[in-house]
Structure formats: C-alpha cells, structure tokens
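Colleague: I've got the model open and I'd like to go through the labels you put on it. Can you walk me through the reasoning behind them?

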Amino acid sequence: MPGQDVLVIGLGYVGLPLAVQAARAGFRVTGYDTGAEIASGLMAGWSHVDDVSDAEVAGMVAQGFRAVADETQLGPHDVIVICVPTPLSVADGPDLSAVRAATATAGRLLRPGTLVSLESTTYPGTTEEVVRPLLEKASGLSAGLGFSLAFSPERIDPGNPDYGFANTPKIVGGVTPACADAATSFYERICDQVVRAKSAREAEMAKLLENTYRHVNIALVNEMAIFCRELDLWDAIRCAATKPFGFQPFYPGPGVGGHCIPIDPNYLSYKVRTLGYPFRFVELAQEINGRMPGYVTDRAAELLNRNAQPLNGARVLLLGVTYKRDIADQRESPARPIARKLRARGAAVAYHDPYVPDWQVDEQAVPRAEDLDAEVATADLVILLQAHQVYDLAQVARTARLMLDTRGVTPAGPHVEPL
C-alpha cells in the first residue's frame, strides 16, 4: 500500500480538488505548480478553482499542505500524481510538453516503491510509450518492479453540485497488475468507488470514449437545430426523453466549450490518423460543432434583417460568456468566436456575465453591461449564450427588443427567437 506523502503536480481544476480530498483522507500533501502566483495564493488560503472554496484551501493549509513553485523545494514522495494540461498542438494532435516536463520532475524524485499516477487526458498508449520510458530513464528503476505506474483519468465536472472528486467512480489502469494494485490502494482511500481497467490503455480510452460520445451526440442535435426551425426541437427532445430506456437527451447550443469536449476527441482522431485511417465520425462532429458560432452570427443577422436593421452598426448584447452555466471558466467558450464574428460584421458588441468582471476578444476589451436591465432594453439584439441561474429570463424576454435564445430556456414571447 502507498505511504502517506502525496505530491500533486499541477494545481488546476483537476489537481486542486484531488489535493483537497487527499488531505481530508489524512495524507501529507504537497502541491507543485510552475505558476508562482498560484502557489502563493494557495498558501494564503485563496482558491482559484470554482469547485474549491477558500475555506477548503485554508483548512488544507492548516493541516500541513504546502504549495510550491520551485522544484528544488521538493523531495521524495510515496505517491506522485500528474495533473497537468494537455492542450492541442498546432497540428491538432496532443501537446504533451507539460506531461513530459511533469514526468521529468517525477523521475528525478522517484525512489523504490513510489506510485506515479497520470491523470491528464491523452491518447491510448501515452502512459506506456511516453511516461514510462522517461521515468525509467530518469530513475534507473523499472515500472512494475522498482516503482508503480498507472493512468487514472480525471472526471471532474466543474460546477456539478451532485458529483465531485470523491463520489465520481475512479477508473484506474496500471501498466502491470501490481501497478494497478498500488493505484487502487491509493485511490480507494480518497474515492468512494474504484473501477479497475485491464490496463492503462483501456483507462486512457475510457476517458476519450466518454467525451467523444458527448461530442458526437451534441453535434447531432446541433445539426438538427439548423434544419428544424419549423418546429420546437427542445420540445421534441423533452418528449423523447420520457422513454425510460434507449435514449439520453442532448441539447443544441452555440458551440461546445471547456477543456474536454472540444479537445479530447482530437486525441482519438490523432491516434487513428497515425494508423493511416480518417476518423470520419469524430471529424464530422468537430466540423458541425465548430461551425455553430458562425451559424449563431448568421441567425443574428437574419433576425435583425427581419426587423429592417442590418447587423453592421447594431448593438448586440451577449448574455453569459463562460463555457458552462454558473461557473467562471471560459476555456474554449463559443462566446469568443461569436463575438469575433459579430465584430467582423460591424456589430457593436457588449456582454454581461456575473462570473466574468472583464472580457477580451483578440486582446480588445469588450464593454461590460453594468446596468443589465438598461442594457437589455437598449440593445438591438440580446443573444443568450449561457443561462446562468441569476438571470431572470422572463424579465429579459419582456424587456428586450429582440432576443436570440441559443439554449432553448427562455419563456416564449413575441420578441424571442430560438437557435
């Protein structure tokens, strides 16, 4: 069984909740992040992650948690968990530079018996083909003999009030059965349920399958939204969702956002392309979801033209610019390309979001609506992009001259148009 000292490399939306849970379970936790402001903020009791409160960080620090930005302050640990970003490269493949750097750090700290777990989302084979050789070379130890190595995909759903780190089943895949045993022993202490995969590759594939499944189904309803304007697609989905088996509802929107859905399927298509095949299903879903910001812009122009007004010179107010409801996270939010396209066609764009005090598009500030009611009343078009709970959408619908609802949640009214 792994010992008591845990090092978490990467203290973002994945690593910080893990660190909190490990501290609660009685581990001595150290966090390492190359962002000095992140480390210093955490030591001061400040959280930079939506799902972790300042009080939770302060309590963790009081228990002995350390956050550092200098690798020289790190020593050997019983468990090392890598939780760093894996963005897309310019070639639309996975950029593993952060994983390689974190692995190099872990390799320098390895000692016999250490467990290393990779949680960063990536393509099947990364743990075996990239992480393992780097660790073995740096340490002189062999995975499965001198140290344990596993992949355990992060399944964080930011802003989810029902499922967090502890009560979301944790998938674990080791590069050997003994490695899986060690990883299972660790995660069983911090999670309610551990699900063992046959190997690290199956665990890596499981995460990509989850998000690719969502990606292609969102693409399906997004394309339906484009061609089902004569009917209420949201009502059709509501009716279909009453079937107690064989159907799961997905809903149209202005595009997909966050780190997972717009990014993860690319890892899978990248791996398939290396085998000499196109991954047509995923590539089509990417095409459909990727064109939704352009479709929203075209709908805005169409609605304004119907009111005898051009988009050029129109005052357009965007409501909600985060990628998900009721959180501050803006990663890959479709609001940015929509604002960019509206500006390119001459619209005067403003925004409102209770979680975003200032917002830039292409390094140019977008004016923020400070008096929401007044801005809604004077805008030529209001576009609802994210339906934060604080919005009184019935009031917005009554006040707006013209409103485009990309989420299908605003009460029907004479000036409200669906996506």
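Modeller: Sure. Buried here means under 20% relative accessible area, and keep in mind that this is a predicted model.

Colleague: Okay, start with Thr121. What makes Thr121 count as buried?

Modeller: The relative accessibility of Thr121 is 3%, and the cut-off is under 20%, so Thr121 counts as buried. Thr121 sits in the loop between β5 (115-118) and α5 (126-139). Leaving aside residues up to four places away in sequence, Thr121 touches Thr86, Glu154, Lys207, Leu208, Asp264 and Tyr267.

Colleague: Why is the pairing of the Thr121 and Lys207 side chains called a polar contact?

Modeller: A polar contact needs N or O atoms within 3.5 Å. The side chains of Thr121 and Lys207 come in at 2.9 Å, so that pair fits the limit of 3.5 Å.

Colleague: And Thr168, buried or exposed?

Modeller: Buried: the relative accessible area of Thr168 is 15%, against a limit of under 20%. Thr168 is in the loop between β6 (148-151) and β7 (170-174). The Thr168 side chain reaches the backbone oxygen of Gly164 at 2.7 Å. Beyond four places in sequence, Thr168 touches Arg155 and Tyr163.

Colleague: How do you know that the length of helix α7 agrees with its residue count?

Modeller: Helix α7 covers residues 200-227, which is 28 residues. At 1.5 Å a residue the span should be 40 Å, and the end C-alpha atoms are 41 Å apart, so the two agree. At the N-terminal end of α7, Ser199 acts as a cap, with a side-chain oxygen 3.2 Å from the backbone nitrogen of Arg201.

Colleague: On to charges. How many salt bridges are there?

Modeller: The count comes to 30 salt bridges. The rule asks for a Lys or Arg side-chain nitrogen within 4 Å of an Asp or Glu carboxyl oxygen. Asp157 and Lys324 meet at 2.3 Å, N to O, so they pass the 4 Å limit.

Colleague: What makes that pair a tie between parts of the chain?

Modeller: Asp157 lies in the loop between β6 and β7, while Lys324 lies in the loop between β9 (315-319) and α12 (335-344), so the bridge ties together parts 167 residues apart in sequence. Asp157 is partly exposed, at 31%, a value between the 20% and 50% limits.

Colleague: Why is the pair Glu417 and Arg299 a salt bridge?

Modeller: The N to O distance is 3.9 Å and the limit is within 4 Å, so the pair qualifies. Glu417 is in strand β15 (residues 416-418) and Arg299 in helix α11 (residues 292-306), 118 residues apart. Arg299 is buried, at 2% relative accessibility.

Colleague: And how do you know that Arg340 and Asp362 pair up?

Modeller: Their closest N and O atoms are 2.9 Å apart, which is within the 4 Å limit. Arg340 lies in helix α12 and Asp362 in the loop between β11 (360-361) and β12 (364-365), so the bridge ties together parts 22 residues apart in sequence. Arg340 is partly exposed at 34%, and Asp362 is partly exposed at 48%. Shared salt-bridge partners also join Arg229, Arg299, Glu302, Arg306 and Glu417 into one network.

Colleague: Which residues have the most contacts inside the largest nonpolar core?

Modeller: Val316, Leu318, Leu342, Trp359, Leu381 and Ile383, in a core of 39 residues. Helix α11 gives the largest share, seven residues. A second, separate core of 36 residues includes Ala39, Leu42, Leu115 and Cys260.

Colleague: Last topic, the rings. How many aromatic pairs does the structure hold?

Modeller: Five.

Colleague: Why is the pair Tyr213 and Phe250 called edge-to-face?

Modeller: Their centres are 5.6 Å apart and their planes are at 75°, so the pair is edge-to-face; the cut-off for that label is over 60 degrees. Tyr213 is partly exposed at 40%, whereas Phe250 is buried at 10%.

Colleague: What makes Tyr351 and Trp359 tilted instead?

Modeller: The angle between their planes is 55°, with 5.4 Å centre to centre. Stacked needs under 30 degrees and edge-to-face over 60, so the rest are tilted. Both rings belong to buried residues: Tyr351 is at 0% and Trp359 at 3%.

Key:
Residues are numbered from 1 along each chain as its sequence is written. This is a predicted model: local features need pLDDT of at least 70, side-chain atom pairs count only at pLDDT 80 or more; totals for chains, interfaces and linings use all residues. Side-chain values use heavy atoms; hydrogens and water are left out. Helices (H or I, at least four residues) and strands (E, at least two) are DSSP runs, numbered from the N terminus. Buried means under 20% relative accessible area, exposed over 50%, partly exposed in between (1.4 Å probe, protein chains only). Contact means heavy atoms within 4.5 Å. A polar contact is a pair of N or O atoms within 3.5 Å; within protein, one must be able to donate a hydrogen and the other to accept it, and residues adjacent in sequence count only if both atoms are side-chain atoms. The expected span of a helix is 1.5 Å times one less than its number of residues. A nonpolar core is a set of buried Ala, Val, Leu, Ile, Met, Phe, Trp, Tyr and Cys residues joined through side-chain atoms within 4.5 Å. Rings of Phe, Tyr and Trp (its six-membered ring) pair if their centres lie within 6.5 Å; planes under 30 degrees apart count as stacked, over 60 as edge-to-face and the rest as tilted.
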